[in-house]
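Let's walk through this fold together, starting from the whole chain and working down to single residues. Please keep the structure open beside you as you read.

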Amino acid sequence: MNARARHPGVLNTIRLAQGGLNPALQRIAAYVLKNPELVKTQSIHELAQACEVSDSTITRFVRAIEVPSFQQLKIGIAEALSSRARSS
């Protein structure tokens with residue numbers, strides 16, 4: 001089994017976790033899932049403003065979906081989008 005099969009993509013991880021998150025974190029999840037192309041280029045502050053939450057709430061979201069850092073979230077989104085493009 002390869003590493004990708006053991007570790008689902010970050011967008012899938014967000015989809016799976018979304019229902020168990022508090023309302024603010026659900027709002028972030030929904031925004032990320034709807035706007036992955038935009039999120040991969042946003043700063044933590046820009047994402048927080050777009051979701052109407054604090055920067056620290058973005059950090060809590062990243063921890064809640066078990067991603068090591070905001071930068072790793074953006075890398076995971078870019079990888080997911082790249083994988084999507086290759087399979088189309």
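Of the 88 residues in this chain, 33% are buried. Keep in mind as we go that the model is predicted. The chain has seven helices and zero strands, so its pattern, read along the sequence, is α-α-α-α-α-α-α under the definition of helices and strands used here. Contacts often link distant parts of the sequence: of those with a separation of 6 or more, 55% are between residues 24 or more positions apart.

A good place to begin is the nonpolar interior. The largest nonpolar core has 24 residues. Which residues have the most contacts inside it? They are Val 10, Ile 14, Ile 28, Val 32, Phe 61, Leu 73 and Ile 77. The elements that give two or more residues to this core are helix 2, helix 3, helix 5 (44-51), helix 6 (55-64) and helix 7 (70-87).

Let's take one pair of these helices and see how they meet. Helix 2 (residues 10-17) packs with helix 3 (residues 23-34) at an angle of about 145 degrees, and their axes are 10 Å apart. Their crossing is left-handed. From helix 2 come Leu 11, Ile 14 and Arg 15, and these meet Ala 29, Val 32 and Leu 33 of helix 3. Sorted by class, the contact between the two helices has five nonpolar residues, no polar ones and one charged residue.

Val 32 is worth a second look, as one of the residues with the most contacts inside the core. Setting aside neighbours within four places in sequence, Val 32 is in contact with Leu 11, Ile 14, Val 39, Phe 61 and Ile 77.

Val 10 gives us another view of the core. This residue lies in helix 2. Is Val 10 buried or exposed? Its relative accessible area is 11%, and because that is under the 20% cut-off, Val 10 counts as buried. Beyond its neighbours within four places in sequence, Val 10 is in contact with Ile 65, Val 67, Leu 73, Gly 76 and Ile 77. The C-alpha atoms of Val 10 and Ile 75 are separated by 9.2 Å, although the two residues are 65 residues apart along the chain.

Now turn to helix 6, where Thr 57, Ile 58, Phe 61 and Val 62 are buried. Why do these buried residues line one face of the helix? Seen down the axis of helix 6, they fall within an arc of 145 degrees, so they line one face. The general geometry helps here: an α-helix has 3.6 residues a turn, so residues three or four places apart point the same way.

Asp 55 is also found in helix 6. At 31% relative accessibility, Asp 55 counts as partly exposed. Leaving aside neighbours within four places in sequence, Asp 55 is in contact with Ile 44, His 45 and Ala 48. Its C-alpha atom is separated by 9.7 Å from that of Ser 43, which is 12 residues away along the chain.

The loops have their own points of interest. Between helix 4 (36-39) and helix 5 sits Gln 42. Gln 42 is buried, with a relative accessible area of 8%. Apart from neighbours within four places in sequence, Gln 42 is in contact with Tyr 31, Leu 47, Ala 50, Phe 70 and Lys 74.

Two other loop residues deserve a look at their backbones. Most residues other than glycine have a negative phi. Glu 52, in the loop between helix 5 and helix 6, has a positive phi of about 55 degrees although it is not a glycine. Glu 66 is found in the loop between helix 6 and helix 7, just after helix 6, and takes a positive phi of about 60 degrees. Are these two residues buried or exposed? Glu 52 is exposed, with a relative accessible area of 69%, and Glu 66 counts as exposed at 72% relative accessibility.

We can finish in helix 7, where Glu 79 is found. At 41% relative accessibility, Glu 79 counts as partly exposed. Glu 79 and Lys 40 are 39 residues apart in sequence and 9.9 Å apart in space, C-alpha to C-alpha.

Key:
Residues are numbered from 1 along each chain as its sequence is written. This is a predicted model: local features need pLDDT of at least 70, side-chain atom pairs count only at pLDDT 80 or more; totals for chains, interfaces and linings use all residues. Side-chain values use heavy atoms; hydrogens and water are left out. Axes are lines fitted to C-alpha atoms, for helices over the stretch in contact, and angles run from 0 to 180 degrees between N-to-C directions. Helices (H or I, at least four residues) and strands (E, at least two) are DSSP runs, numbered from the N terminus. A crossing is left-handed if the near helix is turned anticlockwise from the far one by less than a right angle, and right-handed if clockwise. Contact means heavy atoms within 4.5 Å. Ala, Val, Leu, Ile, Met, Phe, Trp, Tyr, Cys and Pro count as nonpolar, Asp, Glu, Lys and Arg as charged, and the others, Gly among them, as polar. A nonpolar core is a set of buried Ala, Val, Leu, Ile, Met, Phe, Trp, Tyr and Cys residues joined through side-chain atoms within 4.5 Å. Buried means under 20% relative accessible area, exposed over 50%, partly exposed in between (1.4 Å probe, protein chains only). The arc is that of the directions from the helix axis to the C-beta atoms.
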